[in-house]
Amino acid sequence: MRRDGNRNKNDANIEKRERIVLIVSSVLVLTALTMTGIYMKSEDGKVEDDGYVLDFTALEDSAAKKAKEIALGEAKESVLPQPSVTEDDLDYENLEVDSGKIQIDPYPGFEPAPESAKTKTAPVVIQEETTMTQTPIAQEASVIPEATEPEVSRPITEEVQDPGYVAYHGLHRPIDTEVLIPFRMDGSVYFTTLDQYKYNPALMLVATEGLAVEAATDGVVLSIYDDAELGKVMTVDAGGGFVLTYGQLQDLSVSVGSTMKAGDSIATVAAPTKYFSKEGANLYLKLTLNGTPIDPESLFQD
């Protein structure tokens, strides 16, 4: 604070001196102008009065008065006691000169790391990250064989071993005749007696009443029942999810639970029901795999 006060006072003194110099210079300029005017007046012999008069005397008196006031003010300030400046007040100069040599003591217990430790820090971190990312991969590699080996060595069930006769051999043609009404699930087909078009999930083969019907596949009889549209109906489990349904039958030689082989005689064709009176006698044959209808004609092997 003391140094700032001294600086401010020095700046004020310099400013005051500059002001005195400026005023004195102004006075000299005005004096020169006045003398020039007097000289020109003496040359002309008279001064023409046009109503405008410049009073140089007043300006000279004012400038002199102002210079005197500034001088007296500076004299008063010089009489006032000035604060003494000690060597301590000038310590900042030493700090500025030798500031690059100042050393700050570290906090207690601080020990700088050796240079060898600084150079090895990065490799250690990278190696740790690599180890962490590789560990799960190694564990996964060791687990995968354990998870897959039991699955590979697991004994295959009977259902997987035997997908059924149809999957291996297709279908034996139960009667050697032409198609009357084709299988059609991607569009409609015309039924003459009903006089309408509709989807057909089965296959109707041309037949005559009393014609022998052979088993289209190996299998076991699931059910036998009467239906108003299809007449006497029999369903057979052919294995592997395949189920075969026969309709328009009579004189069955098998019963529920009976086993059959493809080509065995199982029944004869009955007279058509009223739903097929115009089409005539026929054999109704429907094949499904897990409940989804499949075209039997595409699987006939003979």
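Buried means under 20% relative accessible area. With that cut-off in hand, here are some close-up views of this predicted model.

**View 1. T268, a buried residue in strand 10.** Let's start with T268, which belongs to strand 10, spanning residues 265-269. Its relative accessible area is 16%, so T268 counts as buried. The side chain of T268 makes a polar contact of 3.3 Å with the side chain of D251. Beyond its neighbours within four places in sequence, T268 is in contact with G210, L211, A212 and V213, and also with Q248, L249, Q250 and D251.

**View 2. D251, the partner of T268 in a polar contact.** Moving across that contact, we find D251 in the loop between strand 8 (242-250) and strand 9 (259-260). Is D251 buried or exposed? D251 is exposed, because its relative accessibility is 59%. The backbone deserves a look too: D251 is not a glycine, yet its phi is positive, near 50 degrees. Most residues other than glycine have a negative phi.

**View 3. N290, another loop residue with a positive phi.** N290 sits in the loop between strand 11 and strand 12 (292-294). Its phi is positive, at about 55 degrees, although N290 is not a glycine. With a relative accessible area of 64%, N290 is exposed.

**View 4. L287 and its contacts in strand 11.** Here the focus is L287, found in strand 11, which covers residues 282-289. How much relative accessible area does L287 have? The value is 0%, so L287 is buried. Not counting residues up to four places away in sequence, L287 touches V166, L171, F242, V243 and L244, together with T292, P293, I294, P296 and L299. For a sense of distance, the C-alpha atoms of L287 and V236 are separated by 9.7 Å, and these two residues are 51 apart along the chain.

**View 5. N200 and the backbone oxygens its side chain reaches.** Our last stop is N200, located in strand 3 (residues 196-200). N200 counts as buried because its relative accessibility is 3%. Which backbone oxygens does the side chain of N200 reach? One belongs to P182, at 2.8 Å, and another belongs to A202, at 3.0 Å. Leaving aside neighbours within four places in sequence, N200 is in contact with I181, P182, F183, R184 and M185, as well as V189 and F191. P182 therefore appears in this view both as a contact of N200 and through its backbone oxygen, with N200 itself buried at 3%.

Terms used:
Residues are numbered from 1 along each chain as its sequence is written. This is a predicted model: local features need pLDDT of at least 70, side-chain atom pairs count only at pLDDT 80 or more; totals for chains, interfaces and linings use all residues. Side-chain values use heavy atoms; hydrogens and water are left out. Helices (H or I, at least four residues) and strands (E, at least two) are DSSP runs, numbered from the N terminus. Buried means under 20% relative accessible area, exposed over 50%, partly exposed in between (1.4 Å probe, protein chains only). Contact means heavy atoms within 4.5 Å. A polar contact is a pair of N or O atoms within 3.5 Å; within protein, one must be able to donate a hydrogen and the other to accept it, and residues adjacent in sequence count only if both atoms are side-chain atoms.
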